[in-house]
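Here are some short exercises to work through with the model open beside you. Try each task before reading its solution.

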Amino acid sequence: MVYKAVYAIAHALHNAACQEANNMTQCDKHMSLEPKQIVSELKKVNFSQNGYHVSFKANGDPVAFYELVNWQKSESGVIELVTVGYYDASLPMGQQFSINRNLTWVKGGTQVPMSVCSESCPPGTRKVLQKGKPICCYDCIPCPEGEISNMTDSPDCLRCCKEFWPNPKKDTCFPKPVEFLTFDEVLSVILAAFSVSGACLAIIIAVIFFYHRTTPIVRANNSELSFLLLFSLTLCFLCSLTFIGAPSEWSCMLRHTAFGITFVLCISCVLGKTIVVLMAFKATLP
């Protein structure tokens, strides 16, 4: 480090006092230099000394270079410091850190020793620190319902998206299967048969009522409310067909809305007819 510092200042003084001209170096030995000039030139130096490259960044920081040394026991039993790699910040990303020799650990082993008092938590669990113990001691808790962890020693669990759910191991999310009634299933055929039969029956009764609309029975039965009731019943029966087949955005909005409106209309007609009959029986005037 002392050699680097002395030679860096020497190079800075040389660059400030000397100039290159016609392949010759001319220096002014009696030139008076200000400290700011030396600092400015010091940032620009670029040389190698004792096998080490010396240069500075724009703000004056030196480029980081470290040797990686490892304590290793020789064949004679003597502990030696062996250079096993280096870190050079001046190299491109991905090439800065390099290890070119094997590392030895406790008792000459080559496996990295474990520095925790608990086993690693597998995917599907999360770490929970044990109360009153160091942070290297923890318990592995399974992720709650609807959440996963896809890495070892995960501190938290992640919730799956709305259209996904976790697998039994809770280490990955997969799409939820879309289940719906198809028209070729037995339950769909029975439901469609009942819906069409009920709608046809309501239409037939409406036709009969319309044909005999001038008779006293139909007129006394409040024909307007009766036709409205039969119309709402027909729509109620046909609404069941919208629950069959692959769901879409429009069918999901239509099936509940249409059934709710027609069902309320049907109940309203029944309530209206009941009120009319009640008023007729309570009437005091002929």
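## Exercise 1: A helix pair

The crossing of α5 and α6 is left-handed. This is a predicted model, so please read every value below as computed from predicted coordinates.

**Task.** Work out which orientation class describes α5 relative to α6.

**Solution.**
- Two packed helices are described by an angle between their axes and a distance between those axes.
- For α5 (residues 223–239) and α6 (residues 249–282), the angle is about 150 degrees and the axes lie 8 Å apart.
- Angles over 145 degrees count as roughly antiparallel, and α5 is therefore roughly antiparallel to α6.

**Task.** Find which residues form the contact, and how many of them are nonpolar, polar and charged.

**Solution.**
- On the α5 side, the residues include Leu-225, Leu-228, Leu-229, Ser-232, Leu-235, Cys-236 and Cys-239.
- On the α6 side, the partners include Ala-258, Phe-259, Thr-262, Phe-263, Cys-266, Val-270 and Lys-273.
- Sorting the residues of this contact gives 14 nonpolar, 4 polar and 1 charged.

## Exercise 2: Helix α3

**Task.** Check what span α3 should have at 1.5 Å a residue, and what its end C-alpha atoms give.

**Solution.**
- Helix α3 covers residues 186–211, which is 26 residues.
- The expected span uses one less than the number of residues, so the result for α3 is 38 Å.
- The end C-alpha atoms of α3 are 37 Å apart, which agrees.

**Task.** Name the buried residues of α3 and a helix that helps to cover them.

**Solution.**
- The buried residues in α3 are Ser-188, Ala-192, Ser-195, Gly-198, Ala-199 and Ala-202.
- Residues three or four places apart in an α-helix point the same way, because there are 3.6 residues a turn.
- Helix α5 is part of what covers the buried residues of α3.

## Exercise 3: Positive phi in two loops

**Task.** Decide whether Asp-153 and Lys-170 are buried or partly exposed.

**Solution.**
- Asp-153 sits in the loop between β10 (147–148) and β11 (158–159), and its phi is near 60 degrees, a positive value in a residue other than glycine.
- Its relative accessibility is 24%, so Asp-153 counts as partly exposed.
- Lys-170 belongs to the loop between β12 (164–166) and β13 (173–175), with a positive phi of about 60 degrees although it is not a glycine.
- The cut-off for buried is under 20%; Lys-170, at 18%, is therefore buried.

## Exercise 4: A long separation

**Task.** Classify Ala-280 as buried or exposed, and say how many Å separate Ala-280 and His-14.

**Solution.**
- Ala-280 lies in helix α6 and is exposed, at 53% relative accessible area.
- From C-alpha to C-alpha, Ala-280 and His-14 are 121 Å apart in space, and 266 residues apart in sequence.

Terms used:
Residues numbered from 1 in each chain as written. Predicted model: local features only at pLDDT ≥ 70, side-chain atom pairs only at ≥ 80, totals over all residues. Heavy atoms only, no water. Axes fitted to C-alpha atoms, helices over the stretch in contact; angles between N-to-C directions. Helix = DSSP H or I, 4+ residues; strand = E, 2+ residues; numbered from the N terminus. Parallel < 35°, antiparallel > 145°, perpendicular 65-115°, else oblique. Left-handed = near helix turned anticlockwise from the far one by under 90°. Contact = heavy atoms within 4.5 Å. Nonpolar A, V, L, I, M, F, W, Y, C, P; charged D, E, K, R; others polar. Buried < 20%, exposed > 50% of the residue type's maximum accessible area, 1.4 Å probe, protein only.
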